[in-house]
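Student: Hi, could you walk me through this one? I'm new to it.
Tutor: Happy to, let's have a look together.

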Amino acid sequence: MKTRLALLASVDQDVTESEVFRLALQHAMGQLGGLGAAVHLRGPTRALGLVSAAGLPPRLAREWETVDQEGDLAPASAVRRGHQVWVPMDATVTHGASGTGTEWPGSGWASVPVSRGGRTVGALTVLAGEAGEPTPEQWGFLRDVAAWAEERSAQAPSPRPVQEGPDAGRIRDALKEIRVGSWDWNIRTGELALDEGAMALYGTDPADFVPVVASWMKVVHPADLAWTLAAVEKAIHDRTPFEAEYRVRRPDGTYGWTQSRGTCVLDDDGEPVRMIGMGWDSDESRTARDSLSRALRHMTDGFLGVDDDWRITFANLEAERLLGSFEEELSGRVLWELPSARDALAGLEARCREAAARDTPVSFDVENVLRGHCHHLRLVPVPDGLTLYFTDVTERRRHQAERAAAERAAAERSARIAELTEALAAATTSRDVVEAVAQRVLPPFGAAGLVVQAIEGDRVYNVGSVGYAADFLETINGRPRVADDPVWDALLTGAPLFISSMEEYAARYPELAHRPVKAGKQAWAFLPLTTSGHTFGVCAVAFDRPRRLTDEERTLLNAISALVAHALDRARLYDAEYSRSRELQRGLLPRELPDLAACTAAARYLPAGQGMDVGGDWYDIIPLSAGRVALVIGDVMGHGLPQAVTMGRLRTAVHTLAHLELAPDEILGHLNEIVVGLGEDSYATCLYALYDSTTGTCVISRAGHPPPAVLHPDGSVTFPELVPDPPLGAAEPPFDTVELTIPPESLLVMYTDGLVESARREIDEGMADLARLLAAPQNAGKELEALCDTITAGLLPADQPTADDAALLVVRLHALTPDRMASWPLPEAPQAAGEARKHVREQLSTWGLDDLSVTTELLASELVGNVVRHAKGPVRLRLLHGADLVCEVSDGSLTTPRIRRALETDEGGRGLRLVTALSQRWGTRYTATGKCIWTEQALPGADPPGDGTGEALGEVLDEALDGVLEEVLGGFMDEDGDDRPQ
């Protein structure tokens with residue numbers, strides 16, 4: 001409060017009286033949180049005149065322009081009593097003398113008198129809000145403000161010298177400031193009192209004025225008197241405010257426009273007894289309104305005035321044209337009843353009524369259905385009606401729509417370019433780059449085709465394409481450098497080339513005029529792909545209709561080509577590196593699986609998704625002696641060239657160790673040493689299975705690898721229970737083994753974890769899925785290649801890139817039937833060689849292999865003779881008739897025979913050289929009771945190895961006596977592997 005009073009005290013001394021009252025009202029309202037405020041001063045009649053107001057609605061301000069001093073309103077009560085007055089509005093408060101009421105619960109009027117020289121001359125009144133009656137401090141503030149206002153109004157400059165008393169002069173100056181005159185009419189007696197301002201307003205000389213209402217009627221223009229009196233009668237009858245604008249005669253005989261406003265004062269019975277009011281000169285405003293009316297009449301926008309019943313009161317020329325009628329025909333007509341408004345302006349009534357209900361200015365568009373135009377309508381509420389402004393915005397809306405469409409297209413293109421930039425940044429291969437361009441460049445430009453080509457030597461080759469037939473792509477792939485070709489023009493000049501139609505294409509390149517028809521395209525943009533000043537390719541964007549690109553579109557495509565060039569250049573380097581890595585990996589895997597009597601197999605290797613380095617997954621099938629085969633699969637952990645190299649080393653080591661005829665657990669032990677030697681971060685898993693087709697047994701050992709699946713002939717699937725030894729590089733040998741008896745024609749399915757395990761699937765769930773696929777009835781009897789495709793498609797869908805490589809090896813196990821095997825024990829005596837030859841002759845004759853009898857007898861005699869001479873029993877001979885003829889001689893010794901070069905003077909040392917010459921291959925393997933020496937011979941009809949030595953020896957041996965053979969070839973191998981003479 002003190003701050004506000006200090007602000008008021010700082011106001012300059014020369015401010016006008018109206019400014020003083022305005023400041024007083026503003027601070028009074030602000031401090032009390034009021035809704036409105038007013039200052040009334042006494043006039044010469046029995047009324048208080050409104051000299052300043054703030055925040056009051058126009059209707060309420062009009063009703064308070066004059067207040068009866070004898071009435072019950074707060075300003076009158078404060079003036080009569082000379083002290084503060086609070087008039088609450090508990091239910092309904094009467095405004096002025098009109099009797100109109102408005103419910104404002106909780107609010108009220110707070111009024112304090114304005115005094116001068118000990119005499120009350122007016123009142124300052126505040127319309128309080130819901131806070132209710134002011135506090136004592138607030139009442140004190142109001143009184144201080146009123147005192148400040150009276151003091152400062154007395155100091156305000158006067159428009160002319162004051163000759164009357166201080167109070168009357170102050171009131172008159174205030175009334176002149178607002179240019180009003182007051183009047184008080186006794187309705188019952190006809191007595192009329194006018195103040196000085198009213199006398200001047202109505203052109204009346206105070207000396208000649210007769211204070212009756214007839215004096216006023218004499219000065220009113222005859223044409224305006226009737227309806228003015230009618231307005232008076234209506235105000236008295238309806239107890240409503242009186243308001244009229246009419247012309248009055250001036251002393252010089254001319255007429256001027258005035259405006260009057262008054263309210264009725266009622267007696268105790270509610271009957272009107274007096275009317276008090278004000279009048280003012282409206283000549284200037286009337287002239288302004290006439291000028292405004294002329295301006296509105298000829299303005300380019302349509303303008304309509306309607307009353308509360310939507311009847312037209314004014315229409316300018318543009319509105320007449322819009323509605324198809326003259327103003328005289330429109331005046332008084334309800335807007336909706338006009339056919340032009342009802343039929344042409346669709347939905348006008350509903351929208352206008354909805355807007356008018358808001359009682360605030362509203363704007364919206366309406367369509368002129370008949371003329372195809374769009375009009376912008378602005379509806380503004382005014383006293384006793386509304387005004388409507390119609391503006392033809394057809395062209396503006398069309399341009400706005402076009403601009404909006406262009407902006408949306410530009411925004412969409414920008415979004416696409418942002419997406420393209422992100423996609424190109426994530427692209428790793430050339431195919432990724434082409435797909436990113438196709439998805440994010442073609443749609444926003446309405447393009448229908450894309451070809452990306454790169455230079456290799458003097459030719460251009462297709463990198464990728466979208467929207468073209470394969471036969472057309474073949475015609476442009478590998479095209480050599482020619483003089484007239486848009487692709488080479490863009491490549492050689494490094495500048496983009498735009499062709500907007502087939503006619504333009506044919507005119508520029510007549511020799512290639514057939515190409516657009518074959519391609520099915522009608523416009524092109526050839527964009528060179530340049531990085532670091534070197535153009536290495538071209539990106540051709542094509543359209544299926546004639547298309548002339550704008551400058552903005554061409555600039556945008558140039559910018560896109562720069563992005564594509566950098567992404568494609570990077571992707572080509574990746575493609576080259578990726579191809580080399582994949583080629584290395586393929587070279588480390590078996591190019592084809594061997595065709596063996598013991599098993600048939602199919603395999604798949606599935607690399608990880610694009611963007612991943614090569615992995616270390618591998619598999620192999622290694623044929624061994626005597627119908628046995630080693631089945632192995634492994635996975636080097638991690639991705640990259642080091643892992644691929646490690647995989648190659650392990651596969652080579654497995655081959656070497658397997659041919660040494662070592663047991664599975666021993667082989668894994670040696671592999672573990674190799675992986676440990678590679679460093680602490682090197683690990684690998686491995687599953688090694690040794691299958692013997694003569695016994696149907698399979699010995700399996702694993703190091704951190706998933707167990708194999710066995711599909712039995714009856715359709716059941718099992719996973720052998722294997723001890724889960726740690727992976728190679730972390731294991732501690734020995735490794736556990738398990739021996740299984742597997743029925744013939746069963747499937748042994750070996751795989752790496754990438755096939756059954758992923759971020760979306762646990763390994764147990766993946767193994768269960770594998771079992772379901774193997775046991776599915778529709779997969780029974782499938783060829784192994786088809787079964788591999790079914791398994792990989794079911795476990796690794798093509799549309800779901802994987803993060804790990806996967807290897808799959810499916811093996812169908814065959815058994816060697818008993819009729820293809822023969823075995824005999826032999827004595828530990830020189831006669832053993834003879835018995836061996838006899839068994840060989842008889843068995844080979846039974847098998848129909850007589851052609852191999854002599855050679856096999858010689859091999860058996862040599863092997864058995866050496867056992868008898870240098871080893872220990874028990875001795876056993878076995879023949880196997882499979883894909884080859886196998887001859888085995890086993891004994892109880894663990895020494896390994898070795899070939900050595902015999903000197904000319906040596907009588908022995910040539911036995912193993914003879915065995916090598918007579919067989920395809922031979923070797924030694926260890927058994928649980930000793931060792932077994934075996935030889936393999938090709939069956940008749942197969943290409944024999946060597947240079948025919950075996951056939952020559954057979955001819956010699958046919959001529960030899962059995963006794964000589966027994967003595968000469970009785971056996972010459974030492975226990976230490978050296979040959980000795982007999």
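Tutor: Here is a short chat about the chain as a whole, a sheet, a hairpin and a helix pair.

Student: Anything I should know before we start?
Tutor: This is a predicted model, where local features need pLDDT of at least 70, side-chain atom pairs count only at pLDDT 80 or more, and totals for chains, interfaces and linings use all residues. Residues are numbered from 1 along each chain as its sequence is written, and side-chain values use heavy atoms, with hydrogens and water left out.

Student: Okay, how many helices and strands does the chain have?
Tutor: There are 32 helices and 39 strands; these are DSSP runs, helices being H or I of at least four residues and strands E of at least two, numbered from the N terminus.

Student: And what share of the residues is buried?
Tutor: Of the 982 residues in the chain, 49% are buried, meaning under 20% relative accessible area with a 1.4 Å probe, protein chains only.

Student: Can you show me a sheet? What is the strand order in the open one with 5 strands?
Tutor: The order is β10-β9-β13-β12-β11, with antiparallel pairing; two strands pair if DSSP finds at least two bridges between them.

Student: Which strands stand at the edges?
Tutor: Those are β10 (192-194) and β11 (242-249); each has a single partner strand, so one side of each is left without a neighbour in the sheet. From one strand to the next, the twist averages 25°.

Student: How many bridges pair β11 with β12?
Tutor: 8 bridges, in the antiparallel sense, with β12 covering residues 255-266. Val248 stands opposite Gly256 in β12.

Student: New topic: what about β14 and β15?
Tutor: β14 (residues 302-307) and β15 (residues 312-315) run antiparallel and are joined by 3 bridges. Gly305 has Phe314 in β15 as its bridge partner. Their hairpin has 4 residues between the strands, and Trp310 takes a positive phi near 65° there.

Student: And a helix pair?
Tutor: Try α29 (residues 853-870) and α30 (residues 911-918), which pack at an angle of about 150° with axes 10 Å apart. Axes are lines fitted to C-alpha atoms, for helices over the stretch in contact, and angles run from 0 to 180 degrees between N-to-C directions.

Student: So how do α29 and α30 run relative to each other?
Tutor: They are therefore roughly antiparallel, a label for angles over 145 degrees.

Student: Which residues make the contact?
Tutor: From α29 they are Thr855, Leu858, Leu859, Glu862 and Leu863, and from α30 Gly911, Leu914, Val915 and Leu918; contact means heavy atoms within 4.5 Å.

Methods:
Parallel < 35°, antiparallel > 145°, perpendicular 65-115°, else oblique. Buried < 20%, exposed > 50% of the residue type's maximum accessible area, 1.4 Å probe, protein only.
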